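This report describes one protein structure, with attention to its charged pairs, aromatic contacts and backbone geometry. The sequence and the coordinates are shown first.

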Amino acid sequence: MIERRTVFKAALAAGAALVAAACSSENGGNALPTGAAGADGESAQPVAKITAEPAADAKDVPVLKPAVLKVADGKLTECKLSADGGKTVKGDLSPDGLTWTSSEPLGYGKTYTYSAKATGSDGKPVEFTGKFTTITPAKQVRATLNPADDQTVGVAMPISVKFASPVKDRKAVEKALSVKTDKEVEGAWGWLSDSQVDYRPKEYWPQNITVNVEAKLYGVDLGGGAYGKADVTTKFKIGRNQVVKINTPDHQMHVYRGGSQVKSYPCANGLDGEVDRNTPNGTYIIMSKEPSAIFDNARYGYTNVNKKWACRFSNHGEFIHENQDNAANIGKTNNSHGCVNLLEADAKDYFDSAIIGDPVEITGSKLSPPMNSDVKDWNFSWAAWQGLGAK
């Protein structure tokens with residue numbers, strides 16, 4: 001699979017976003033009025049009151065919830081939130097001057113200092129200061145996202161998010177994931193393991209559309225003290241609709257474009273008489289393309305066998321590839337160890353037409369789909385796939 005670049009928001013995190021904490025002169029913040037009321041006729045206490053969230057001296061503050069400074073009976077004139085080392089956190093003051101809200105995420109395990117000034121409706125100034133600290137995760141978990149940016153892939157290509165460590169809170173992860181397309185597409189996320197969640201449409205993707213994926217995982221509580229390390233995103237395209245269909249007893253590999261058959265190649269598939277050597281039934285995708293590949297299978301007594309124009313469609317060991325040495329059986333007899341053998345010219349012709357993510361549909365075999373392949377998304381019924389989502 002094509003590994004996707006990881007887009008880190010840690011840089012943002014270093015100076016990130018929750019601003020001042022729910023503090024006031026009455027609940028723990030340091031409010032500094034310019035005058036004090038007194039029975040001897042001195043000026044009355046200023047009426048403006050500044051409050052903030054999170055509260056002064058708050059501990060283990062989440063890094064994603066915005067920090068907010070508010071004033072009652074006055075208007076804010078100055079607001080500042082700074083991290084360790086003095087980096088200022090970005091924020092916005094509302095047009096009415098009553099609220100300041102941070103606009104970038106905070107960093108893990110940092111102490112933030114906030115300060116604010118306001119002028120009350122009585123014309124008197126007040127000031128406010130405080131500190132809080134953000135949560136320090138027991139573990140920060142990195143994620144990768146496939147397909148990569150700017151790739152063009154086949155209509156069966158799933159979206160895959162893989163985590164460096166197992167995830168306990170699957171619901172929290174799914175809430176952080178979004179898929180947007182040019183056309184309306186019905187799809188769902190399914191967990192293939194504790195560290196991998198894939199998205200596939202109900203049917204193959206519409207051809208020639210753009211797919212935007214966001215995994216806003218930074219700051220997400222993954223459970224067990226682990227938090228997302230960074231956000232990751234990708235934007236890729238779905239190419240033309242090309243599907244390979246093989247009914248193994250027919251010894252023919254048919255290629256369809258946009259629903260119409262455009263090519264048909266004679267082939268030899270897995271040996272019919274030995275189920276373990278059958279080319280397994282199921283729907284797969286082209287996972288990789290290699291102009292020259294080395295094949296080894298000690299079980300069946302061959303090593304270091306070089307074949308051309310190899311398109312892998314399963315990590316169970318199946319490829320579509322050239323096998324000119326088997327030309328006498330191609331189109332007549334199934335005798336391979338599971339791969340689809342083509343004549344060299346046909347293998348090259350198909351290789352040139354294929355892209356990663358093209359579907360390969362196999363029928364007529366006695367062997368069920370291997371569920372230990374990396375890409376088994378299409379071997380679940382739609383109802384079964386939906387059942388793989390977070391409960």
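Which side chains meet in a salt bridge at 2.6 Å, N to O? They are those of Asp352 and Lys348. The model is a predicted one, and the description below moves from this pair to the other charged contacts, the overall composition, the aromatic groups and the backbone.

**Salt bridges**

Asp352 and Lys348 both belong to helix H3, and because they are four residues apart there, about one helical turn separates them. Asp352 has a relative accessibility of 48% and therefore counts as partly exposed. Lys348 is likewise partly exposed, its relative accessible area being 30%. In general, side chains of opposite charge can pair when their charged atoms come close.

The search of the whole structure finds seven salt bridges. Three of them are listed here.

| Salt bridge | Closest N to O distance |
|---|---|
| Asp352 and Lys348 | 2.6 Å |
| Arg240 and Asp358 | 2.8 Å |
| Lys308 and Glu344 | 3.1 Å |

The side chains of Arg240 and Asp358 form a salt bridge at 2.8 Å, N to O. This pair links distant parts of the chain, with the two positions 118 residues apart: Arg240 lies in the loop between strand S19 (232-238) and S20, and Asp358 lies in the loop between helix H3 (344-353) and strand S28 (359-363). Both Arg240 and Asp358 are buried.

Lys308 and Glu344 are joined by a salt bridge whose closest N and O atoms are 3.1 Å apart. Here too distant parts of the chain are linked, since Lys308 is in strand S25 and Glu344 is in helix H3, 36 residues apart. Lys308, at 37% relative accessibility, counts as partly exposed, and Glu344 is partly exposed with a relative accessible area of 29%.

**Overall composition**

The secondary structure of the protein consists of four helices and 28 strands. Of its 391 residues, 47% count as buried. Among contacts with a separation of 6 or more, 68% involve residues 24 or more positions apart. The protein exposes about 17600 Å², of which carbon and sulfur atoms supply 48%.

**Aromatic groups and charges over rings**

The structure holds 13 aromatic pairs. One of them is the stacked pair of Tyr112 and Phe132, with 5.6 Å from centre to centre and 20° between the planes. The two rings come from distant parts of the chain: Tyr112 is in strand S7 (residues 111-120) and Phe132 is in strand S8, 20 residues apart. Tyr112 and Phe132 are both buried. They also belong to one aromatic cluster, formed by Tyr112, Tyr114, Phe128 and Phe132.

Charged groups also sit over aromatic rings. The charged end of Arg200 is placed over the ring of Trp378, 4.1 Å from its centre. The charged end of Lys289 is placed over the ring of Phe351, 4.5 Å from its centre.

**The surroundings of Thr134**

Thr134 is located in the loop between strand S8 (125-133) and strand S9 (139-141). Is this residue, Thr134, buried or exposed? Its relative accessibility is 3%, so Thr134 counts as buried. The side chain of Thr134 reaches the backbone oxygen of Gly107 at 2.7 Å. With neighbours within four places in sequence left aside, the contacts of Thr134 include Asp60, Val61, Val63, Leu106, Gly107 and Tyr112. Of these residues, Tyr112 is also a member of the aromatic cluster described above.

**Backbone geometry**

Two cis peptide bonds deserve mention. One joins Glu53 and Pro54, with omega about 10°, and Pro54 lies in the loop between strand S2 (49-53) and strand S3 (68-72). Another runs from Asn146 to Pro147, with omega near 0°, and Pro147 lies in the loop between strand S10 (143-146) and strand S11 (152-153).

Positive phi angles occur at residues that are not glycine. His251 has a phi of about 60° and is found in the loop between strand S20 (242-247) and strand S21 (252-257). With a relative accessibility of 14%, His251 counts as buried. Trp309 has a phi of about 55° and is located within strand S25 (residues 302-312). Why does Trp309 count as buried? Trp309 does so because its relative accessibility is 19%, and buried means under 20%.

Definitions and conventions:
Residues are numbered from 1 along each chain as its sequence is written. This is a predicted model: local features need pLDDT of at least 70, side-chain atom pairs count only at pLDDT 80 or more; totals for chains, interfaces and linings use all residues. Side-chain values use heavy atoms; hydrogens and water are left out. Buried means under 20% relative accessible area, exposed over 50%, partly exposed in between (1.4 Å probe, protein chains only). A polar contact is a pair of N or O atoms within 3.5 Å; within protein, one must be able to donate a hydrogen and the other to accept it, and residues adjacent in sequence count only if both atoms are side-chain atoms. Contact means heavy atoms within 4.5 Å. Accessible areas come from the Shrake-Rupley method with a 1.4 Å probe; for residues, only the protein chains shown count as cover. A salt bridge is a side-chain nitrogen of Lys or Arg within 4 Å of a carboxyl oxygen of Asp or Glu. Rings of Phe, Tyr and Trp (its six-membered ring) pair if their centres lie within 6.5 Å; planes under 30 degrees apart count as stacked, over 60 as edge-to-face and the rest as tilted. A charge sits over a ring if NZ of Lys or CZ of Arg is within 6 Å of the ring centre and within 35 degrees of the ring normal.
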